[in-house]
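I opened this notebook to keep track of what I looked up, entry by entry. Here is the structure I worked from.

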Amino acid sequence: MTGSRGEKWVFGATSALVLLFLYLPLALIVLYAFNKTTINSWPFPGFSTRWFEKLYHDEVPREAAWLSVRIAFASTVLALLLGTSMAFAFARFRFFGKELINFAVTLPIILPGVITGVALASFFLFTNNDLSTRTVIIGHTTFCIVLVFNNVLARLRRVSPSLEEASRDLGASGFQTFRHVTFPTIRTALVAGALLSFALSFDEIAVTFFLAGADTTTLPLWILGAFRNSQGVPEVNAAATVILVVSLPAIAIAGYLMREEGATRVVQE
Amino acid sequence: MESGTRLIRRRISRALYAHPRGRLGLLLGPAVLWLLIFYLVALVLLLMTSLWQQDFFTADIVRHWTLSNYDKVFTGQDGLWLKIYWRTVRLAAIVTLIDIALAFPLAWFMARIVAPKWRTIMFLAVVVPLWSSILVRIFAWRTILGGQGVLNQILVDTGILNHASSAFLYNERSIAIAWAYVWLPFMILPLYTALERIPDSYLEASRDLGAGVFTTFRRVILPLTFPGILAGSIFVFSLTMGDFVAPQLVGGGSQVLGGAIKDRFGVAADFPFGAALAMLTLLTLMLFLAITRRSGALENV
Amino acid sequence: MRRVLAFAVAIAAVLAMAVVVGACGDDNNDNSSSTTGPDINAQGEGQLNTVNWEGYTDSSFVKGFEKETGCKVKDTLAGSSDEMYTKFRSGGGGQYDLASFSGDASLRAIKSGSVAVLDTSKLTNYPNLAKKLQVPTFNTIDGKHYGLSFMWGANVLIYNADKVKPAPTSWAITYDPKYKGKVTVPNNPIQIADPALQFFGQKDPYSIDQATLDKVKNKLSEQKPLVRKYWVLATDFEDLFKSGDATLGAGWPLMTNDLKKAGMNVKEVLPKEGVTGWADSWMLSKNAKHPICAYKYMNYVTRPDIQAKVADVTAYSPANLKTCEVVGAERCKELHVRDENYYSAIKYWKTPVAPTNYREWTDTWNQVLG
């Protein structure tokens, strides 16, 4: 690209340092997942896979992970429905209070989770609802809506409505038009929004902390609890390593999608 | 003759076509209703809670309107809570600046120096850390900065220190480091998007007109990337204002807002006071948002 | 103009809904006060939700319980009485069936009407508890048993015997500038009772006046620069010792136990100025969803053989006197099971009410922390 040799080297070196900063803790997490002892000291005490074995036999984090998956899935589905329909409303109609609603839907993700968490906790306290999986899903959906909304809206804005008009002129019904014309154009935006939504919900701790019931131990909550017990820390490192490895395919899919779209517009929009 | 479902679908389709307001209602209604009930009403309830009190013994909420919680926030306890508030704002600002400084070179490198085919990979490389548990990533700093951790051991081995220092962990510094680390990708991504959009021709034109590196930066690059910087800043500032995980895992005695709010709701039952603190946080961030809204930075969520 | 109107409409709608929602909510006061416990020989409900201290639901004995009764234990740990109480009361009160309240939370639970009266005829190990623990003031009011005493212990001075020589005998060492940055104490307002007892001669360190509270605040503020970190979780404490970041601390016998198991040369001592402590009772929520499993668990962990296991994990003192028959005379002495003098020397946690109340203690504590 542009830039002199000097520029390349300066930026390259700095970038390498920044990337190192980003990855050093990750590398240590993976490293200490193989720690022989429970004391994470330096130099490295020695290798062992015992924590992965313990994790394998421990049903508690497995159930926690499964619960997190279910919650993320439910929140994503709800967010897809609510966010997509809202995006269509914004793209195809003019109405009263657009800017305000736009602002309102962005708030849950811009404001820190602790505010959403305590606000909803107060809400459920007053409506006398038990905290449970359902309350967590409600909390997660609230901040996931905007992720889908922004992605789909940006895409709809780039697609001319004349395509849909043409489809109708050719005799297709509303449903057919949606299925064959509209949906394909927003499909990747939906996937991008869904991926973001799922990822954020799966790892969420701030909102979840205030909305989880005694029965609702999500993976992040299990991790927070495992920190209480010094025996638990290496197992947590093992769990984090597993999560990272398992999520690599998802990241690869995201990368593939972005290649289709050209650069990084898909996720950013 | 059309089949049953086909007929119904056609009828609905026609009805929707004939009543655009109805379509709008169906599309907009559910989402707006959801936000209204599960967010805005909840926020108002939080406000109402901040105007009540909680019995210190039984933890029952006493619905008696009072401003005592706000009084305590602004004037109480020799200004303790204001001290905590400004400490949090200061840390949030510092972390935001650190992240801008760290993100810019990398974003520039990714957007303008690296060949296009590598960009996606680098983008993913920035995103990958986000897919590992945020709690574990913060906890890792305990390991790195602790007495037996990597940093101290290296400093001792190379002779820079005589013995392990306790200055790296369990204080505001370690919280700031953990925060800067964890939210860094959220600053890199918008910056990268913004930098990528600057056409080469702009920079060439600037050079042709005789501008040096700094002038080009100040008058061309900075204004164009400003929305990106703001978008990233909103996220980082907001997330640090509310976080309670890093202070608990790597912090010392000094409290920050997020931790104080969480303690009032999760540990010491004083919901009304916690709500007042939350309202203060909310107001601060709304102010920040209002100032930055003009630049359209909010669209890059 | 339109923007302002939109804003106004939105605010009106939101406020209207909030008022409606706010007016609806009301505490559900279940006033069932029967003291007949459930049929403990019946089949359990299959699950048990508890909120308790570290070690009280350890897998070394919980697995046996789950196998015996089919009740799956879902435990939540709390780092302080405050936290335990707040969690217990969250979301309508039916979240947790059992809580292991210390004396400072137990009275709050009783007064707020969130715990049920226990039927001692259904508590199989009740007759074997130490006499003092059968009707203690922190869980028995007017002859009604709201809790079953379980374990008790003291907040001890723990030190790294390799780094702290000679062996300390006084709490003053945790205020000694020589150990700057090497001390750890709990992040808990109830800690205020410790200096009140140890340095200001308060016989009842939970009923102190404002003047004493101020003196304690100053004393604690003096200590602050020496404190490496105010620990919240047992891991915090243990990590600090393991990494060498702390060599002195106010903690629980559980930490000494864990650190010893990890190979460290740590010791604990009851300094001469006196100690605070806690006596824990199992309490049953009024809205418990799994009362049968709850009673089964209470009976299980107060069995002598299981009390011995709990003591192995925590190093606390069991309430059931018959534990001595299981562990032998020496261990029985170690655990102070029958030591009435030891028991009486401890100033057990109690929620401060007057002259200064717990809210004031919390405020003072926050001020010390900064």
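Before placing a loop between two strands, I reminded myself that strands, of at least two residues, and helices, of at least four, are DSSP runs numbered from the N terminus. I also noted that this is a predicted model.

**Entry on cis peptide bonds in chain C**

I looked up the peptide bond from C:Lys165 to C:Pro166 and found that it is cis, with omega near -5°. I then located C:Pro166 in the loop between strand E7 (156–160) and strand E8 (183–184) of chain C. The peptide bond from C:Ala354 to C:Pro355 is also listed as cis, with omega near 0°, and I placed C:Pro355 in the loop between E13 and helix H15 (358–369) of chain C.

**Entry on strands of chain C**

I turned to strand E3 (residues 98–101) of chain C and asked which residues cover its two faces. C:Leu98 and C:Ser100 lie on one side, C:Ala99 and C:Phe101 on the other, and all are buried. I recalled that side chains in a regular strand alternate between the two faces of the sheet.

For the partners of E3(C), I found that strand E1 (residues 47–52) of chain C pairs with it in the parallel sense over two bridges, and that C:Thr50 stands opposite C:Leu98. With strand E11 (residues 275–284) of chain C, E3(C) pairs in the antiparallel sense over four bridges; here C:Phe101 stands opposite C:Ser281 and C:Ala99 opposite C:Met283.

I followed E11(C) further and noted that 10 of its 10 residues are buried. Among them are C:Val275 and C:Gly277 on one side, and C:Thr276 and C:Trp278 on the other. Strand E6 (residues 147–154) of chain C is joined to E11(C) by seven bridges and runs antiparallel to it, with C:Ala154 and C:Gly277 as bridge partners. Strand E13 (residues 346–348) of chain C pairs with E11(C) in the parallel sense over three bridges, and C:Thr276 stands opposite C:Lys347 there.

**Entry on the contact of chains A and B**

I asked how many residues each chain brings to the contact, and found 98 residues from chain B and 94 residues from chain A. Chain B and chain A bury about 9,100 Å² between them, with 78% of it on carbon and sulfur atoms. Across this interface the rule finds zero salt bridges, while it finds seven residue pairs in polar contact. On the side of chain B that touches chain A, the largest share, 21 residues, comes from helix H2 (residues 20–50) of chain B. By class, that side of chain B has 70 nonpolar, 15 polar and 13 charged residues.

**Entry on single residues**

I looked up A:Val152, which lies in helix H6 (residues 133–158) of chain A. Is A:Val152 buried or exposed? Its relative accessible area is 0%, and the cut-off for buried is under 20%, so A:Val152 is buried. Leaving aside neighbours within four places in sequence, the contacts of A:Val152 include A:Thr84, A:Ala87 and A:Ile186.

In chain B, I noted that phi of B:Ala59 is near 65°, a positive value in a residue other than glycine. B:Ala59 is in the loop between strand E1 (53–54) and strand E2 (61–62) of chain B, and counts as buried at 8% relative accessibility. B:Tyr170, likewise not a glycine, has a positive phi of about 60°; B:Tyr170 lies in the loop between helix H7 (150–157) and helix H8 (172–196) of chain B and counts as buried at 6% relative accessibility.

Conventions: Residues numbered from 1 in each chain as written. Chains lettered and ligands numbered in written order. Predicted model: local features only at pLDDT ≥ 70, side-chain atom pairs only at ≥ 80, totals over all residues. Heavy atoms only, no water. Contact = heavy atoms within 4.5 Å. Buried area = accessible area lost by both parts, 1.4 Å probe. Salt bridge = Lys/Arg side-chain N within 4 Å of Asp/Glu carboxyl O. Polar contact = N/O pair within 3.5 Å; in protein donor to acceptor, adjacent residues only side chain to side chain. Nonpolar A, V, L, I, M, F, W, Y, C, P; charged D, E, K, R; others polar. Buried < 20%, exposed > 50% of the residue type's maximum accessible area, 1.4 Å probe, protein only. Pairing = 2+ DSSP bridges.
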